[in-house]
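Please open the structure in your viewer and keep the sequence panel beside it, so that each selection can be found in both places. The tour below moves from one selection to the next and says what is there.

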Amino acid sequence: MNSVGEIREEESDGKSQTSSSSVSGETSNDSGGETVSSGDIVSGETTTDSGGERVAEHHDQIIYEPMTPVGGFREGEINGKPFHKFNFLSETETPSTDDFPPLFVCPSFRWSDEWIDLKSNNPDGNDFVPVDDFPYPYMFNKRSGDQQFQFLIGSNVYNHTCKLPLLPLFKECMPDDDDGFLCGLCYSSLIGTGYYICATCDREYHKECIESPLQIQHPSYPFRSLKLHHYYPSSEASIHKYPCFCCQEIIIQNLYYCPTNKLIMHPVCAMKPIPIFIDHPKRHLHPLTFFPKQNFLPCDICGLIKEHFPTYVCARCVFVVHQDCIYHPYVIRISRHHHRISFISSHPPGKWFCGVCRRKVDHNYGAYSCNKCDGYFVHTKCALRRDLWDGKELEGIPEKPEIIVEPFQRISDGIILHFAHGHHMRLWISGAYDEGKFCQACILPIYEGSYYLCMDQCDFILHEACANAPRKKQHALCARPLTLKVGNMKYSDDFFCNACCRLSCGFLYEGYKEEICFELDFRCASVSEPFQYEGHKHPLFLALTPEEEKSAICQVCQEEGDEYNDRGKLACIDCNYIICFRCATLPYKARYKHDEHFLIFRKKEIYRTRQGWCDICESKIVYSRKGGFYSCDDYCSTTVHVDCLLGKHPYLKPGQIKNQGQDVLILHNKTMSRPLCHGTKHRCQDKIVFKKRNETFCSFSCLEEF
């Protein structure tokens, strides 16, 4: 059935009138004088009796009708306004009272083992497989009665198919934003134009996902076709890799794809109605007109050329804007700046740089700026990133003064009562190094400087800087404020820092990032822009996008990000230096009990021409590009591995934690005879050991594995 939506000119009462029609092969019936649509043809054939009535083939009272190969748009109205509307199969056909409406089969069979075996035939190894390649057409079974449904009847997959057709949901039954709707096919909660429900399995589906034609002629791309593909990851690296360019939802099942320009669209976005005119006086004084040939026009709001986005123009003002940019917020707050920022259509000429990506800002296009800070501008696309903006429009909302809650009460000069500890604490100046003294907040030893010590002799210690840390904090890595959480000396919860991916049981800052719990340890929470890393001469910034962070390689550990290692990274604007949070927050200077000087962190490649041995484990230090070590620059020739000096878990402290619901003791490994690890059966060499059920483990990985 050829169902390409077309717009054509017709004469009505002497006037030219635009109307929409569906190009569908039609068969004339000589005996009855009626026209029979190919949508009523079974397997390409039509039979009539002497009265010209259609005789349809049935299977359990379900009419067999073919699947729509090509879909298009027509002009129509929504709330009295002109739109390009998609020609849904269920809307274009108007069956008589004697006929059945189009019925669709529930795609529940796709969860069966037989179907998994069937679809495993992917000889080309492509991530996107056209659904008209065998056996993929049968995955998109669409209408009950077409060839695909007959294939299902004759296969093992049919045993797992819901036998009742899908039911359309009427307007009053359609899911709202807050109903928790999740399409059973694409696993997305996008708002569609309609929905179906299966009375057998109770799954709900987007109308667009069920009625997807094999090909779409889209108004935004008049010279290209979008073909329906199945997303079949060819490798683990391809899983959750491809977002829809329109809604940014990760593609899970089917999608529309144009290989010419790598265009990827979710079915809901591909069939979304497109307004022909947009009247938005707040953004522009004159009505804006849809313009399909947009691949060479930069948007006046974001300054970008997005050839995939619907574009609107005002010919009177030579104004160009993307559809999504029309509704951008005017006043927002992002995690990278401590004030609100407002949208401006242009800014004074000059050499300005974006406060997020640190690249040049063109004054000819729109941007966000701070009214309180001179010269602070942010690209529109950077300001509206999901990881920086909480999605709230603040225009017209008065700004509330920030309430600062002090972390401690000052009792007298040098004596405080910190909210994390019940006893008074006195300020001391660090003297001789004692590796047994460490800060309860950052878990690092007291190397130098001032610190607070409990006056009740319970060894609760805080660096002076850690004691002054605010109880609420706005951090560059999270759009929402973070709250300081503390444990106690004997019991605390362990957590993985979202910036450095290290395990810690010290103080942490906690909040929510895109509705997911977000936690930072004290070291990573102290990082701000510009970050002055002592191992590099230039300041560092959080200038990389999330996609760039995953592919960027840290100059120290030589590791890049993946789904299991999603560390934040700091970048240098003046050179190509990149360092991850794990390496950047390692102490640049540390102390060793057998050396009176500070040891300095060095990259291994700097000393690749030298030979060295670790003074702690007495093994050779292998000089390479990866990693670093600590050495003394005061002619002591002391060199030690990082793990030997700080331990494999430098941010875990002795005490009690919970692991998989069981109590675990963390103890100093200071006995004369190193204990045997219950998992590896080797001696525990690290600075701490873990004890659970009277069994000793040398590392956290052993603890979880055994």
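**Cysteines**

Begin by selecting Cys-246, which is partly exposed, with 30% relative accessible area. How far is the sulfur of Cys-246 from the closest cysteine sulfur? Select Cys-269 as well, and you have the residue that holds this closest sulfur, at 4.0 Å, which is too far for a bond. Since a disulfide needs two cysteine sulfur atoms within 2.5 Å, the pair of Cys-246 and Cys-269 does not qualify, with its 4.0 Å between the sulfurs.

Now move to Cys-572, whose nearest cysteine sulfur is that of Cys-575, 3.4 Å away, and which is in no disulfide. Cys-572 is buried, with a relative accessible area of 7%, whereas Cys-246 is partly exposed. A search of the whole structure for disulfides finds zero.

**Confidence**

Before going further, colour the model by pLDDT, and keep in mind that this is a predicted model. The average pLDDT of the protein is 78, and 76% of the residues score at least 70. Select residues 1-66, where pLDDT stays under 50 and where the model has 123 contacts beyond four places in sequence. Then select residues 94-98, another stretch where pLDDT stays under 50, for which the model has two contacts beyond four places in sequence.

**A helix residue**

Select helix α4, which covers residues 207-210, and pick out Ile-210 within this helix. Is Ile-210 buried or exposed? At 3% relative accessibility, Ile-210 counts as buried. Add Tyr-195 to the selection and draw a line between the two C-alpha atoms, which lie 8.8 Å apart in space, while Ile-210 and Tyr-195 are 15 residues apart in sequence.

**Strands β28, β29 and β30**

Next, select β28 (residues 415-418) together with β29 (residues 425-429), two antiparallel strands that are joined by two bridges. The connection between β28 and β29 is a hairpin, which passes through six residues. To see one place where these strands pair, show Ile-415, whose bridge partner in β29 is Arg-426.

Keep β29 on the screen and add β30 (residues 450-454), which pairs with β29 in the antiparallel sense over five bridges. Here you can show Met-425 and look across to its bridge partner in β30, Cys-454.

**A sheet of four strands**

The following stop is an open sheet of four strands, in which the order is β32-β33-β36-β37 and the pairing is antiparallel. Which strands stand at the edges of this sheet? They are β32 (472-473) and β37 (516-521), and each has a single partner strand, so one side of each is left without a neighbour in the sheet.

Now select β36, which covers residues 508-513 and runs antiparallel to β37, with six bridges joining the two strands. Show Leu-508, and you will find it opposite Asp-521 in β37. As you turn the view, it helps to know that in a regular strand the side chains alternate between the two faces of the sheet.

**Salt bridges**

How many salt bridges does the structure hold? There are nine, and a few of them can be visited in turn.

Stay with the sheet, and show the side chains of Lys-485 and Glu-510, which meet in a salt bridge with 3.5 Å from N to O. This pair links distant parts of the chain, for Lys-485 is in strand β33 (residues 482-485) and Glu-510 is in strand β36, 25 residues apart. Lys-485 counts as partly exposed at 37% relative accessibility, and Glu-510 is also partly exposed, with a relative accessible area of 21%. Elsewhere, salt bridges that share partners join Arg-333, Lys-372 and Glu-399 into one network, which you can show as a group.

Then select Lys-282 and Glu-395, whose side chains meet in a salt bridge at 2.5 Å, N to O. Here too the pair links distant parts of the chain: Lys-282 is in the loop between β19 (277-278) and β20 (288-291), while Glu-395 is in the loop between α7 (380-383) and β27 (408-412), 113 residues apart. Lys-282 is partly exposed, with 48% relative accessible area, and Glu-395 is partly exposed at 39%.

Finish with Arg-385 and Asp-387, whose side chains meet in a salt bridge of 2.7 Å from N to O. Both of these residues, Arg-385 and Asp-387, are buried.

Methods:
Residues numbered from 1 in each chain as written. Predicted model: local features only at pLDDT ≥ 70, side-chain atom pairs only at ≥ 80, totals over all residues. Heavy atoms only, no water. Pairing = 2+ DSSP bridges. Salt bridge = Lys/Arg side-chain N within 4 Å of Asp/Glu carboxyl O. Buried < 20%, exposed > 50% of the residue type's maximum accessible area, 1.4 Å probe, protein only. pLDDT = per-residue confidence, 0-100. Contact = heavy atoms within 4.5 Å.
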